[in-house]
Structures are given as C-alpha cells and as structure tokens.
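Colleague: I'd like a close look at a single part of this model, and I'm curious about the salt bridges. Could you walk me through them and what sits around them?

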Amino acid sequence: TRELAFDGSSSKVRVSVLNGIRYLISKNHESHPLLQLALPALRSLFHDVSERVRLSMLVLLHQVNEIRSIRYFDIVPIDELLSRLPRDTEIITSHICRLLIPSYFPHFSSTTQEHFENQNESEKNSKNKQIRIQILRCVTLLQRNSAAARILYSQLYLHVPLVRVCEFIRAFGKALVHESFPNALLKKSSDKDQTQALMLLRESCFELLADVITGVSISLKKESNLSLKNYLESGFYQHQILIKMLSTSNGIKRCEASVWRMAACIGGNDQMLNEEMSSSEMWRNEMNCYLNAREIQG
C-alpha cells in the first residue's frame, strides 16, 4: 500500500489508495490503532503536485477529525496546513478552512437569530467568554502566519452562523480601539522590536477585520438579516469605533484603507457616517468624498 500511495506514474493510483484508507476507517474500527501509526507516513501527499490527490488527502483528514483516537494534525502538522492557504487553489483552501475553523473559531453552531435577540444572563456570559477566546486565537494566528489568517477568516461566513460572525466583528472592533490592545498579547522584547511588532500586528488586525466584514456584507443586505445589520451598525457607530480606528492609525496607509473598507461594507445611513467621521476635522474631506461616491453609485 505504501508503494502505491507514492506511485509517481499515476495520480489516480494515489487517490485510490486514499479512498481505500477512508473505506477502511469507516468500516473497520479495529483498524484505527494501526492507522494512527501508519497515516503520518502519508503526510507528503498533502503537498502532492496533483490537486486531486491533495483534495483526497484533505477529505481523509476531515474523516479522521471525527475519530477521537486519531488527530488530523498528527498526520499533517498545523503549520503545513496553514502554509498552503495563501498558495493553493480555491477548493483546497476551502477544505483547509473548514478543517481549521473549529479550532481557531470555537462557537455554538445552533444559535438562531431569534435566540440571539433573547439571551439570558448566563448565556450572555458564556458567549462573552467564548468571544474572548475567539479574539485571542485570532491574534495568535495572525502572529503565527498573517497571510493564512486573513484567508481563513475571510471565509468565516461560509462555515459559521452569521450571528456568531457579527458578534465577533463587533467585539473585535471594540478590542482594536482599546488602549491596552495589543500590547498585552506580545512577548516582551526590546523597545524598537516591540514598537515594530505592535505596528505590524495592528495593521494585520485591521486588514483581517475588514476581510471578515466584507465577507458578511452581502448577507447583511437581506431583509431577513435586518436585526443583525442594525446590531452591527449600532455597535460601530455608538462606540465610534471607525473614527477611533482612524485616530490610532498614525498615518499608516494599510490601516486607513482597511477602515474605509469597513465603512463601505457596514453601511448605515449617511447621516450616521457623517456624524462620526466629520467629528474629526482631519477626516472631513475624505468623508465628503466617500458620501459623494455612495450617492453616485446609488
């Protein structure tokens, strides 16, 4: 089987081997202890030149993920999964995201919009605790591999209920303008290194949040999601998150561009945007240009 798994003459043979292993996993539970030892040897198939082989390998990892006795990251390490996110095809990227999102974005998948609007105190506390974990893991991943993190979170809306994504967006936005963010999350180093690390991490956080908001923007335009849209808008405008983000951008173009992307996607009426942005003389001209562009686009 090992020889066939690495048969260089035919990708179909390599795919057939992986399909056979998946069949064995589903039909013979007694094979799991043996497979736990054997499967790591197939690690290189995740980087196969054939997309079909890589896809079959990911399907196998999804199946393994449902078995308690075998951990998928013992077969293909997390760093290797992340490394392929920025450079692989769309279908491979989607499968990797589906595999990793439960680890980096733990959430209650059963929440409905009606339940979201009527949560008791215990549920709110549990939700807030979970959102803090989500933010911490998000920032940790950005420090580990920022390119992979942006791709992973840009696809969040495809794998996570819209309610949960909106809660994360609102909470992450508030965290980004908090005075202690992200200093407490960085390892101690020299002042110069610390300042540079803070700047890079802030840029990455702004860009990632803009990516997440862009992903949900189309869904929020649906009438059925009006309450979620209002929830997101009120969170950003009542707390002046956008203007605070611009104020802490320190002239960094990547940060400023991300904030304007957020403003364009979050929406809200023009009066809300104008009141927030025009409160700062520095951004009055930019705000007027933005509102004129929205009027032209209809």
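Modeller: Here is a walk through the salt bridges, followed by the core and one helix. Keep in mind that this is a predicted model.

The structure holds 14 salt bridges in total. A good one to start with pairs Asp-88 with Arg-54, where the closest N and O atoms are 2.8 Å apart. Asp-88 lies in the loop between helix H6 (78–84) and helix H7 (90–104), while Arg-54 belongs to helix H4 (residues 51–64), so this pair ties together parts that are 34 residues apart in sequence. Both Asp-88 and Arg-54 are buried.

Next comes the bridge between Arg-144 and Asp-79, at 2.8 Å from N to O. Arg-144 is in helix H9 (residues 121–144) and Asp-79 in helix H6, so here the parts tied together are 65 residues apart in sequence. In this pair, Arg-144 is partly exposed, with a relative accessible area of 45%, and Asp-79 counts as partly exposed too, at 46% relative accessibility.

Asp-74 and Arg-71 form another salt bridge, with 2.8 Å between the closest N and O atoms. Asp-74 is partly exposed at 38% relative accessible area, and Arg-71 is partly exposed at 45%. Beyond simple pairs, there is a network of salt bridges linking Arg-150, Glu-203, Glu-207, Asp-211, Arg-254 and Arg-261.

Now for the nonpolar side of things. The largest nonpolar core has 83 residues, and Leu-81, Tyr-153 and Phe-172 have the most contacts inside it. Helix H13 (residues 191–220) gives the most to this core, with 10 residues. Leaving aside neighbours within four places in sequence, Leu-81 touches a set of residues that includes Phe-46, Leu-58, Leu-61, Tyr-72 and Ile-96.

Last, helix H2. With 17 residues (11–27) at 1.5 Å a residue, H2 should span 24 Å, and its end C-alpha atoms are 25 Å apart, which agrees. Its buried residues are Arg-14, Val-15, Val-17, Leu-18, Ile-21 and Ile-25. Seen down the axis of H2, they fall within an arc of 155°, so they line one face of the helix. The face turned away from that buried side carries the exposed residues Lys-12, Tyr-23 and Lys-27. At the start of H2, a side-chain oxygen of Ser-10 comes within 3.3 Å of the backbone nitrogen of Lys-12.

Definitions and conventions: Residues numbered from 1 in each chain as written. Predicted model: local features only at pLDDT ≥ 70, side-chain atom pairs only at ≥ 80, totals over all residues. Heavy atoms only, no water. Helix = DSSP H or I, 4+ residues; strand = E, 2+ residues; numbered from the N terminus. Expected span 1.5 Å × (residues − 1). Buried < 20%, exposed > 50% of the residue type's maximum accessible area, 1.4 Å probe, protein only. Arc of directions from axis to C-beta. Polar contact = N/O pair within 3.5 Å; in protein donor to acceptor, adjacent residues only side chain to side chain. Core = buried A, V, L, I, M, F, W, Y, C linked by side-chain atoms within 4.5 Å. Contact = heavy atoms within 4.5 Å. Salt bridge = Lys/Arg side-chain N within 4 Å of Asp/Glu carboxyl O.
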